[in-house]
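Please open the structure in your viewer and keep the selection box handy. We will go from stop to stop, picking a few residues each time and looking at what is there.

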Amino acid sequence: MKICLIIPPSPFLLDERVFVQLGILKIASALEQQNYSVDMVDLSGVENYTDVLTDYVKRKGSASIFGITATTPQVPYAVKIANHLKLLLPATQSKIILGGPHVTLMHTAAKREAKKNFVGSDRATKDAEALKNYFDVLVCGDGEIAIFDAIH
């Protein structure tokens, strides 16, 4: 089984390559240790990122499972990536997973909102629910173990 892990663009940064994306690399390592084939697509600094995704999907032997990491400012790009992948691949033949800091923070905040019965705000809960419209699976926290549940 082949899995493609994607780092979305970060055009809001002066230098998109200033931060090493260690979390998703740790997930790639965990997958490879269990004999999964992993492709990495780093879209940092890539303006025509949907064209890159189209080329990847059209390639023979490309993945059908996609894992995307996203910080809060990368979420709009992650959503565009998910929507583009859905245009290219039938939903029955693909799975799109979102993980990373944004999902983890929203999940934690939503739990806090529920505990307080949404006193003051339910913004995180609404955000977490909205993400479910774009992604098949949301992974919160460290993904090195959770990725195996997410892909199955």
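Searching the whole structure turns up five salt bridges. Keep in mind as you look that this is a predicted model.

**Stop one: K2 and D39**

Select D39 and K2 and show their side chains. The two form a salt bridge, and their closest N and O atoms are 3.7 Å apart. Now colour strand 1 (residues 2–7) and strand 2 (residues 37–42): K2 belongs to strand 1 and D39 to strand 2, so this pair ties together parts that lie 37 residues apart in sequence. Are these two residues buried or exposed? D39 is buried, because its relative accessible area is 15% and buried means under 20%. K2, at 23% relative accessibility, counts as partly exposed.

**Stop two: K26 and E144**

Next, select K26 and E144. Their side chains meet in a salt bridge, 3.4 Å from N to O. K26 sits in helix 1 and E144 in helix 6, so the bridge ties together parts 118 residues apart in sequence. Turn on the surface if you like: K26 is partly exposed, with a relative accessible area of 48%. E144 also counts as partly exposed, at 21% relative accessibility.

**Stop three: E129, K132 and a small network**

Move on to K132 and E129. They form a salt bridge in which the closest N and O atoms are 2.9 Å apart. E129 counts as partly exposed, with 44% relative accessibility. Which residues are joined into one network by salt bridges that share partners? Add R59 to K2 and D39 in your selection, and you have the network.

**Stop four: helix 1 against helix 6**

Now step back from single pairs and look at helices. Two packed helices are described by the angle between their axes and by the distance between those axes. Show helix 1 (residues 22–33) and helix 6 (residues 143–151), which pack at an angle of about 65° with their axes 9 Å apart. Their crossing is right-handed. To see the contact itself, select K26, I27, A30 and L31 on the helix 1 side, then G143, E144, I147, F148 and I151 on the helix 6 side. What classes of residue are in this contact? Six are nonpolar, one is polar and two are charged. You have already met the K26 and E144 pair, which forms a salt bridge.

**Stop five: helix 2 against helix 3**

Show helix 2 (residues 49–58) and helix 3 (residues 75–88). They pack at an angle of about 35°, and their axes are 10 Å apart. Here, too, the crossing is right-handed. Select Y49, T50, L53, T54 and V57 from helix 2, together with Y77, K80, I81, H84, L85 and L88 from helix 3, to bring up the contact. Sorted by class, the contact has seven nonpolar, three polar and one charged residues.

**Stop six: aromatic rings**

How many aromatic pairs are there to visit? The count comes to three. Begin with Y36 and F148, a tilted pair whose ring centres are 5.8 Å apart and whose planes are 45° apart. The pair links distant parts of the chain: Y36 is in the loop between helix 1 and strand 2, F148 is in helix 6, and 112 residues separate them. Y36 counts as buried, at 16% relative accessibility.

Then pick Y49 and Y77. Their ring centres are 6.2 Å apart and their planes stand at 70°, so this pair is edge-to-face. Y49 is in helix 2 and Y77 in helix 3, so the pair ties together parts 28 residues apart in sequence. Y49 counts as buried, with 10% relative accessibility.

**Last stop: T69**

Finish by selecting T69, which lies in strand 3 (residues 65–69). At 12% relative accessibility, T69 counts as buried. Which residues does T69 touch, leaving out those up to four places away in sequence? They are I6, I7, P8, Q21, I24, Q74, G99, G100 and P101. Finally, draw a distance from the C-alpha of T69 to the C-alpha of L98: these two residues are 29 residues apart in sequence and 5.9 Å apart in space.

Definitions and conventions:
Residues numbered from 1 in each chain as written. Predicted model: local features only at pLDDT ≥ 70, side-chain atom pairs only at ≥ 80, totals over all residues. Heavy atoms only, no water. Axes fitted to C-alpha atoms, helices over the stretch in contact; angles between N-to-C directions. Helix = DSSP H or I, 4+ residues; strand = E, 2+ residues; numbered from the N terminus. Left-handed = near helix turned anticlockwise from the far one by under 90°. Contact = heavy atoms within 4.5 Å. Nonpolar A, V, L, I, M, F, W, Y, C, P; charged D, E, K, R; others polar. Salt bridge = Lys/Arg side-chain N within 4 Å of Asp/Glu carboxyl O. Buried < 20%, exposed > 50% of the residue type's maximum accessible area, 1.4 Å probe, protein only. Phe/Tyr/Trp six-rings, centres within 6.5 Å; stacked < 30°, edge-to-face > 60°.
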